[in-house]
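Colleague: Could you walk me through how to read a fold like this one, feature by feature?

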Amino acid sequence: MPFRKQFWRSGVGAAMVAAAAAALAAGSPATPRAAAQANTAAAAKARQPDAEERLVQIIALVQNQQLDQALKAAASLTADVPHFQAAQLVYADLLRFRSGQPGALTPAAVAERAAMLPVKHVPLPQAGAAPLPIPAASVQGAQSLEQLQGLQDEIRRRMLGARSLPAAGQVPAEFLSLSPSVRQVIAIDASQSRLYLLRHDKGQLQLVDSFYVSVGKLGVGKLEEGDQRTPEGIYFIGRQIAGQRLPEFYGKGALTLNYPNDWDKAMGRSGSGIWLHGAPPDQFARLPQASDGCVVLANPDLIALMRTVDKLTPVLIRDQLQWVAPSDASHRQNTEAFHAVLQQWHQAWMQDGPQAALQLASPQWTASPEGQAWQNRMAALFKGRNVELQDISTYGWKDDKGEIRVANLKLKSREQAQPLSLRQYWRKVGKDWRLFSEDLQNQS
């Protein structure tokens with residue numbers, strides 16, 4: 001019986017496709033990178049498919065019952081990217097079935113699955129040659145049932161990523177308004193192990209790239225140091241760290257985040273050293289939940305980010321992103337309502353002075369040393385009553401502890417050579433917004 005018919009009658013091919021059934025519709029799937037760049041034909045034509053796109057295409061070949069082509073493509077991918085364990089798992093399943101053995105993606109008893117682990121790349125046998133033996137299950141560091149299940153989950157999430165790109169023009173709900181100085185934003189959907197890079201151009205956000213990522217071993221919702229969770233919130237990139245300055249574990253480099261931010265601190269959340277960084281040299285990628293709290297990318301993807309993103313690029317991390325159209329009435333109302341709060345705050349300082357401005361701030365904060373320093377700084381700045389509010393970006397966040405707004409803005413007076421760059425944190429108290437923290441951004 002031909003390989004293709006044997007594969008499908010056994011149910012192995014159906015099981016492989018079932019792992020991605022929610023992601024794949026009829027026809028050839030759009031790959032994440034190609035779909036994101038479909039509006040730039042020249043760029044799409046010039047670039048070669050990356051490892052994830054090739055894996056997506058292999059699963060599509062399986063779906064279309066083109067098993068010989070899928071096997072050849074899997075052999076090529078595992079040869080080119082030997083540490084891509086998810087690809088090895090698919091290749092191993094095709095090879096095992098060809099040798100008459102069950103595969104890791106085949107329905108099987110739990111006790112049997114621990115032996116069905118990825119294989120190191122082996123070349124396909126020539127026509128008429130004896131079948132090659134399947135390598136031992138311990139190759140490439142896959143040593144447990146937990147890792148096998150993690151790789152199966154990785155395949156599923158990668159396939160979902162290929163089919164669940166947001167509709168054109170949609171934006172994450174937390175990005176309310178962006179000043180022209182914000183060139184890109186990053187949004188991470190932990191439930192899909194996906195990082196989205198969006199370009200900001202003429203007031204619009206456009207998706208330009210999408211990457212698979214790994215998050216904390218215990219998911220998201222970081223509360224304290226060492227809890228192996230990735231934080232959720234609005235953060236900003238601090239500095240870049242080159243790979244040669246880091247242990248190999250961090251891959252080709254890192255982008256630091258400002259966790260804990262002022263909202264985290266107000267909620268008593270602790271921890272530090274949350275980065276976007278690369279994978280170790282013996283792994284193309286980490287399992288979906290494998291880090292101690294950082295967001296981990298494949299090294300080629302991390303390098304691509306490091307080449308394009310700026311310091312202070314906003315990074316949104318959510319368990320599940322909510323995408324909305326910028327014209328959405330609720331989104332527009334939230335944006336306009338908070339801009340009115342900022343204008344009220346500006347006018348309070350301009351016209352009425354500290355006492356009026358204090359009515360818009362948290363009493364606990366204004367009584368603190370930080371709040372006292374803020375009052376003195378603002379009073380000195382607004383003394384001349386000629387301060388302009390510039391370069392405003394606003395972000396919304398809501399969790400089980402409350403609702404906040406984060407505002408990045410600049411204050412320019414005639415007496416200062418350079419504008420004062422501020423980041424403010426506002427909390428909703430009843431129906432009103434109260435400023436509870438403010439950081440200087442252009443001073444060390």
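Colleague: Which residues of the largest nonpolar core touch the most other members?

Modeller: As a general idea, nonpolar side chains in soluble globular proteins tend to be buried together. In this predicted model, the largest nonpolar core has 33 residues, and Leu55, Leu77, Phe84, Val90, Leu94 and Phe284 touch the most other members. Helices α5 (51–63), α6 (67–80), α7 and α9 each supply at least two residues of this core.

Colleague: What does Leu55 touch, leaving out residues up to four places away in sequence?

Modeller: Leu55 touches Leu77, Phe84, Ala86, Ala87, Val90 and Arg158. Apart from this core lies another one, of 27 residues, with Leu358, Ile392, Leu409 and Trp426 among them.

Colleague: Let's turn to open spaces. How much space lies in the largest pocket, and which residues lie nearest its centre?

Modeller: The largest pocket holds about 440 Å³ of space. Its lining counts 26 residues, and those nearest the centre are Gln147, Gln283, Arg286, Leu287 and Ala290. To see where the wall comes from, look at α7 (85–98), α9 (145–163) and β9 (289–291), each of which supplies at least two lining residues. Helix α9 gives the most, with 7 residues. By class, the lining has 10 nonpolar, 9 polar and 7 charged residues.

Colleague: And enclosed spaces: how many cavities of 30 Å³ or more does a search of the whole structure find?

Modeller: The search finds 1 cavity of that kind. The largest cavity holds about 40 Å³ of space, and the residues that line it include Glu232, Tyr235, Asn261, Trp263 and Trp397. Strand β6 (233–242), helix α10 (262–266) and strand β14 (402–412) each supply at least two lining residues, with the largest share, 3 residues, coming from β6. This lining divides into 6 nonpolar, 2 polar and 2 charged residues.

Colleague: How would I read a single loop residue? Is Leu321 buried or exposed?

Modeller: I would compare the relative accessible area with the cut-off, where buried means under 20%. Leu321 has a relative accessible area of 9%, so Leu321 is buried. Its place is in the loop between β11 (314–318) and β12 (323–324). Leaving aside neighbours within four places in sequence, Leu321 is in contact with Ala187, Ile188, Asp189, Tyr196 and Leu316. Leu321 and Ala173 are 148 residues apart in sequence, yet their C-alpha atoms are 7.9 Å apart in space.

Colleague: Tyr196 is in that contact list. How many aromatic pairs does the structure hold?

Modeller: There are 15 aromatic pairs. Tyr196 and Trp323 form an edge-to-face one, at 5.2 Å centre to centre with 85° between the planes. Tyr196 lies in strand β4 (residues 194–201) and Trp323 in strand β12, so the pair ties together parts 127 residues apart in sequence. Tyr196 is buried, with a relative accessible area of 1%, and Trp323 is buried too, at 19%.

Colleague: Why does the pair of Trp349 and Phe382 count as stacked?

Modeller: Planes under 30 degrees apart count as stacked. The planes of Trp349 and Phe382 are at 15°, with ring centres 5.7 Å apart, so this pair is stacked. Trp349 sits in helix α12 (residues 329–352) and Phe382 in the loop between α15 (369–381) and β13 (388–399), which puts the partners 33 residues apart. Both residues are buried, and together with Trp345, Trp365 and Trp374 they form one aromatic cluster.

Conventions:
Residues are numbered from 1 along each chain as its sequence is written. This is a predicted model: local features need pLDDT of at least 70, side-chain atom pairs count only at pLDDT 80 or more; totals for chains, interfaces and linings use all residues. Side-chain values use heavy atoms; hydrogens and water are left out. On a 1 Å grid over the protein atoms alone, a cavity is a set of points where a 1.4 Å probe fits but cannot get out, and a pocket is an open set with protein on both sides within 12 Å along at least five of seven lines; lining residues have an atom within 4 Å of a point. Grid points are joined across faces, edges and corners, and a volume is the space filled by probe spheres set on the points. Helices (H or I, at least four residues) and strands (E, at least two) are DSSP runs, numbered from the N terminus. Ala, Val, Leu, Ile, Met, Phe, Trp, Tyr, Cys and Pro count as nonpolar, Asp, Glu, Lys and Arg as charged, and the others, Gly among them, as polar. A nonpolar core is a set of buried Ala, Val, Leu, Ile, Met, Phe, Trp, Tyr and Cys residues joined through side-chain atoms within 4.5 Å. Buried means under 20% relative accessible area, exposed over 50%, partly exposed in between (1.4 Å probe, protein chains only). Contact means heavy atoms within 4.5 Å. Rings of Phe, Tyr and Trp (its six-membered ring) pair if their centres lie within 6.5 Å; planes under 30 degrees apart count as stacked, over 60 as edge-to-face and the rest as tilted.
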